[in-house]
Amino acid sequence: MNVPTAFPLRRGRRAMARPRSAARPRRRTRRTPSLWIGAFLVGALFLAALLAPMLAPTPPDLMQPELRLQPPSLEHPFGTDIFGRDMLSRVLYGARLAVQVSIATVTLAAIPGIALGLLAGFHHGWTDQVLARIMDVWMAFPGLLLAVVLVARLGPSLSTAILALGVIGAPTFFRLTRSSALSGSTLLYIEAARSVGVSNRRTIVRHLLPNMLSPLIVLVTLNLGATLLAVSGLSFIGLGAQPPQPEWGALLAAGRDYMDTAWWLALAPGLAITLSVIGFNLLGDGLRDALGRG
Amino acid sequence: MKRYTHIPTITALIVVLLMAILAMSACAAPTAAPTSGEEAAAQPADLAGTSVDGGVVTRALTTEPSGLDPHGPPGSGQNVILPYIFDTLIYLDGDNALHPFLAESWEISEDGRTITFTLRPDVTFHDGTPMNADAVVFTFERFMELGGKSPVAGGLRNITSVEAVDENTVAFHFEEPSATFFSTIALPYAGIISPTAVEQEGEEFARQPVGTGPFMLDSWEPGVSITLKRNPDYNWGPADVENKGAPYIDAAAFKVIPDASSQLAAFQAGEVDIIFVNQPAHLEKLKQEEGVQLQEMVFNSLVYLGFNTSRAPFDDVNVRRALAHAIDKQALVDIAVGGVGQPACQFMASTLPGYDPALCADDITYDPEQAKALLAEAGFTQTDQGQWERDGEILQATILTSTRPPNGDVATMLQAQLAAIGVPIEIQQLDSRAVLKTATAGDYDITLWRYGWNDPDVLNIYLGSDRIGRTNRSFYSNPAVDEIFAQTARELDPKARAQLYVEAQKLLMQDMPWIPLYEPVNIIAISGRVQDAVIGPMGRVLLNDARVKEQN
């Protein structure tokens, strides 16, 4: 975290909020191909999700029994499954699910995590102590296992998977925000804002939060990838998506039994998961390099 | 800066991996070479490739039993292992014929209220205790006491007392004749247990079972495997096997592998010798492999769609019949089941008494138009979106089923077929135990489930109104059907009893508490190195005759 050296009051509010100059990130990106590869993969994922209805040759649930278990061809680039459903369409609609679910989960984790983190880091004292200890206990639970227990309790579906993963994801955001807020709130420009009578809420939202955006962006990006993988994992073991949802993990699980006879069933969703997760990770790493250490 | 640190990490990882591979091959090489050399030297050349006594046969186990007390909670794992450790009084073969087992003979009194068994005099338990009339009385008194937890309590319900007449004679006294008695005492759960072992071990008996079977418990590694060793004193093999004496093989092992794909992989790698195959893809794969013995098993099973008849709108027979018209069973079997089954046209499995081909003429045929007509008759109107609405309620349902293949595929196919007439379906897949719990509580619309039972009494168990809240998860109640079920329980003449079940089925097929879908074909795959394993009733694989072919 860069420390603003100039006396904050003499700089404009914009400069206070974004103390880093714009030139440095741009220079860094040129040296980080991972950022561009990641951006490309993630861009492709979002594009597939957005344009699935246009790109997919058939509706994802259309069964054409006469076309069952067709290997990849021009007509069905990813082949067809045991019901004669086009795998390309299913994987494309799966991208839609993956994006929706990942964003929903990360939002669910980030909003309370960031809010509580800011609160704890800004106020110090017992608020911080209580919240931090609760979050520590929370984090001590093995994440995915806790999600499995929650889903088993609430019944398997994508929404319970989102809820469970959101709940276990919150402490990560809490810890980052809290530490940033702890160090940030002692800085001069915050003190200055306080001294001229800016309200606590405004100080947090307008001055503290914007200054920790870059590490947060990195964390969100990395978390999107991790969440995508976790949701696929839950669906793979039958605790996430329910048929006929074309969730990638569920597609992979269905294709696993046909590895020898119909390899394409597992290949397409497997590749989709791998490339998306790699994409998010490269993008996250690249952003970290470009935006400076968080 | 950050990315440069990746390179050493990855390099380190690769180095560690390589070292691990080297270490493994280094370990394997010196140990493997000398042993095979010694064996080759010790064995005469002409014995190579032929079967020899000894060896271990390993079977994959999907569900590890919670315990091996026959009177404890039942389960598929128990069903597999109990018959190796425990023998029963009589043996019921795959054609539903009775054979002597621990009982040499039996007599039924004129009024059908007393059945007297003469026991074999030469049988001892694994712990040396003689198997006599007292042991049988002890077993059944305990069975009836703990029977609440067992699925077969019904078959023993009419027993008033079990009496040891003399050392080798046992008399069962009944309040009224009990038709299900024989099929019940042939179940693995009615295996005769050692009274001394139960007294010594108490609760621990479930972990250290003692019976009279061809194998006895050797070791149990929880979550990994259960190993049984041969009972050298065995001399009372059942009707289906040639070798009545001790098994030829040294041990039978059961490896816990919950996942079907992993089971197949273990089978192909030679880690297990026997697996149950329930997926068309796996069957296709095994058919291409040389030396694998694929055998069909009789489980008397039927896959059906059971309605919760206590919940609207499935309390309406027209709705149930309408949905039945929407289902194309042939397509279901061909596509979702991969052809490994036959469409079912009645409630009774075709291998059970009470099945009548003539009933198939009354079965509800695939006719989507008729389905829509029936829904209209039931007071539903079709909305603009094609859905069906009555009193402001949309006709929709959740199909509850287990995660076991091919249930997911079957449910998906049913979902598509019902969607075609405008009935939206959701699918909820839970593990088997959770499905049973949810269904017993009545917290579901429709369940996709399967029965497998050794007696036509299965219809009474699942559809008799006295079983509501327990095994009658359809909450189905029809006094006329109950009356027939009551008669079947007393009818000792097999032919007359079968005819009663035909009558009961006629009523059931009008009411349609279930839609019978298909009869699965159950295949067991046995490795080429195991010879003469005998397929018994209800999925048993008898290893009394089995020999292991050692391959060099």
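**Chain A, its contact with chain B, and two selected residues**

Of the 294 residues in chain A, 49% are buried. The model is a predicted one, and the values below are computed from it. Chain A contains twelve helices and zero strands, so that its elements, read from the N terminus, are α throughout. Among contacts in chain A that join residues at least 6 apart in sequence, 72% are between residues at least 24 apart. The area that chain A exposes is about 14300 Å², and carbon and sulfur atoms supply 67% of this area.

Part of the surface of chain A is a nonpolar patch of about 310 Å². The patch is made by A:Leu108, A:Leu154, A:Leu163 and A:Val167. One of these residues, A:Leu163, lies in helix α7 of chain A, which covers residues 158–184. A:Leu163 has a relative accessible area of 41% and is therefore classed as partly exposed, the class between under 20% and over 50%.

The size of an interface is often given as the accessible area lost when the parts come together. For chain A and chain B, this area is about 2000 Å², with 55% of it on carbon and sulfur atoms. On the side of chain A, the residues that lose the most area to chain B are A:Phe83, A:Pro243 and A:Asp257, which together account for 26% of what that side buries. In terms of contacts, 23 residues of chain A meet 23 residues of chain B.

One salt bridge is found across the interface of chain A and chain B. A salt bridge joins A:Arg256 to B:Asp259, with the closest N and O atoms 3.4 Å apart. Three residue pairs, with both residues at pLDDT 80 or more, are in polar contact across the interface. Helix α12 of chain A (residues 264–291) contributes three residues to the side of chain A that touches chain B, the largest share.

In chain B, B:Met509 belongs to helix α15, which covers residues 494–511. B:Met509 has a relative accessibility of 3% and so counts as buried, the limit for that class being under 20%. Apart from neighbours within four places in sequence, the residues in contact with B:Met509 are B:Arg321, B:Cys345, B:Gln346, B:Phe347, B:Leu359, B:Asp362 and B:Asp363. Between B:Met509 and B:Gly270, the separation is 239 residues in sequence and 47 Å in space, taken from C-alpha to C-alpha.

Methods. Residues numbered from 1 in each chain as written. Chains lettered and ligands numbered in written order. Predicted model: local features only at pLDDT ≥ 70, side-chain atom pairs only at ≥ 80, totals over all residues. Heavy atoms only, no water. Patch = residues over 30% accessible without salt bridge, like charges linked within 9 Å, V, L, I, M, F, W, Y side chains within 5 Å. Areas by Shrake-Rupley, 256 points an atom, 1.4 Å probe, with all protein chains shown as cover. Salt bridge = Lys/Arg side-chain N within 4 Å of Asp/Glu carboxyl O. Helix = DSSP H or I, 4+ residues; strand = E, 2+ residues; numbered from the N terminus. Buried < 20%, exposed > 50% of the residue type's maximum accessible area, 1.4 Å probe, protein only. Contact = heavy atoms within 4.5 Å. Buried area = accessible area lost by both parts, 1.4 Å probe. Polar contact = N/O pair within 3.5 Å; in protein donor to acceptor, adjacent residues only side chain to side chain.
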